[in-house]
Amino acid sequence: MIAVVGSLNLDLVTSVPHHPVPGETVLGGDIAQHPGGKGANQAVAAARLGGEVAFVGRVGDDDAAEVMLRAARDQGVDVGHVRRTPATPTGRALIAVSPQGENTIIVSPGANARLTAADCAAAADTLGRARVTVLQQEVPDEANHEAARLSGGTVLYNPAPAVPGAEIPSGVDLLVPNRTELGALAGLATEPVTLDEVASAARRLRGAAAVVVTLGGDGVLLCEGSAHLHIPAFPVTALDTTAAGDSFCGALAVALAEGRPLEDAARFAAAAAAVSTTRPGAQPSLARREEAEALLAG
Ligand code: ADP
């Protein structure tokens, strides 16, 4: 079983002719609503690949809570440890997309910001039984620290979004940052670009046995101690890379929970993430098992 502790956001997406400057109002297109949030995306990614997934998180007491819970349940995610928070809105992300495809995103964490260490303690049995626990940075540190402490299996920490000065909880086995997040964690002024720069930044991080750096279309760099291994991206026609990182984390958790070695698990995750880039959106784009396996088999 995989435990995902994290955020649930309802994404509200509209197109804009251009992004407004301060004081400006622009007319956007029709609003589209999609379930999102890094936690929810990673849980759905894992469930769609056949993982048994339990979620620990918080929603508010509004209609968005129903949308988020239904979307997770529909994918087979166990939401028994998702608490409703009275008089609080469910997390939302306000996303504006320009004709050039550039996004501006405002995340209103709402109930996600109210997740506590006690919420994780209430799920101690689930966390203790989990073969893999998956954490990100869209909920308070205290929840992540407690979840890492209570986890009985491998702890996978996706330090996203990048938060300067964020603290990696003790007990993390595997860090999964992208280049920007790795740069922030390593305290670099600019993000590492070349594989050598990425490897040396990963070596600066303490406290995790392995660092798996996702490099977008450049694939993945697996760093353990002083050794590193580059896994190229699977050749696909990428249409929309939204949630590629979430897809990768969910898939990595599934493969690790099945007992696959890290290198195999990372290849499987890269295949699942590549599939997700060929379709638009976040949760709708996530790969099914047979699609990831087909790409892996070549
Ligand atoms: P994030 O969305 O967190 O920034 P990345 O952009 O690094 O994460 O993407 C995560 C993973 O998705 C990559 O390591 C890679 O395996 C896969 N991926 C991303 N973009 C592409 C692409 N253009 N072609 C193939 N695979 C991709």
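**Exercise 1. Work out which strands helix 9 lies across, and how it is angled to strand 12.**

Start by finding helix 9, residues 262–276, in this predicted model. Next, look at what it crosses: helix 9 lies across strand 11 (210–214), strand 12 and strand 13. Then compare directions: the helix runs at about 160 degrees to strand 12.

Now zoom in on two of those strands. Strand 12 (residues 220–224) and strand 13 (residues 227–231) run antiparallel and are joined by five bridges. Within this pair, Leu222 has Leu229 of strand 13 opposite. Finish at the turn: the hairpin has two residues between the strands, and Gly225 takes a positive phi near 60 degrees there.

**Exercise 2. Put the strands of the nine-stranded sheet in order, and explain what is special about strand 5 and strand 13.**

First, trace the order, which is 5-4-1-8-9-10-11-12-13. The sheet is open and its pairing is mixed. Second, go to the edges, where you meet strand 5 (78–84) and strand 13. Each has a single partner strand, so one side of each is left without a neighbour in the sheet.

Third, check a pair further in. Strand 1 (residues 2–5) and strand 4 (residues 53–59) pair in the parallel sense over four bridges, with Val5 standing opposite Val56.

**Exercise 3. Decide how enclosed helix 1 is, and by what.**

Locate helix 1 at residues 38–48; it lies across strand 1, strand 4 and strand 8 (132–135). Its direction makes an angle of about 165 degrees with strand 1. Now count: eleven of the eleven residues are buried, so helix 1 is largely enclosed by the rest of the structure. The buried residues include Lys38, Asn41, Gln42 and Arg48, along with Val44 and Ala45.

What do they pack against? The partners are strand 1, strand 3, strand 4, helix 2, strand 8 and helix 8. After the helix comes Gly50, with a positive phi near 100 degrees.

**Exercise 4. Describe the other sheet, the one with four strands.**

Take the order first: 3-2-6-7, in an open sheet with mixed pairing. The edge strands are strand 3 (32–36) and strand 7 (103–108), and each pairs on one side only. Neighbouring strands here are turned by 20 degrees against each other on average, direction ignored.

Then pick one pair. Strand 2 (residues 9–15) and strand 3 are antiparallel partners over five bridges, and Leu10 stands opposite Pro35. Finally, add the helix: helix 2 (residues 63–74) lies across strand 2, strand 3 and strand 6 (91–97), at about 55 degrees to strand 3.

**Exercise 5. Find the residues that touch the most other members of the largest nonpolar core.**

The core holds 88 residues, and the ones you're after are Ile2, Ala251, Leu252, Ala253 and Ala269. Follow Ala251 as an example, leaving aside its neighbours within four places in sequence. Its contacts are Ala45, Leu49, Phe268, Ala269, Ala272, Ala273 and Ala292. As a bit of background, nonpolar side chains tend to be buried together in soluble globular proteins.

**Exercise 6. Sort out what surrounds the ligand.**

Begin with the count: 20 residues surround the ligand, and the closest are Thr214, Gly217, Ala238, Gly245 and Ala273. Next, see where the shell comes from: helix 8 (244–257) and helix 9 each supply at least two of its residues. Last, sort by type, and you get twelve nonpolar, eight polar and no charged residues.

Methods:
Residues numbered from 1 in each chain as written. Predicted model: local features only at pLDDT ≥ 70, side-chain atom pairs only at ≥ 80, totals over all residues. Pairing = 2+ DSSP bridges. Axes fitted to C-alpha atoms, helices over the stretch in contact; angles between N-to-C directions. Contact = placed C-beta atoms within 7 Å. Core = buried A, V, L, I, M, F, W, Y, C linked by C-beta atoms within 7 Å. Buried ≥ 20, exposed ≤ 12 C-beta atoms within 10 Å, placed from the backbone. Near = placed C-beta within 6 Å. Nonpolar A, V, L, I, M, F, W, Y, C, P; charged D, E, K, R; others polar.
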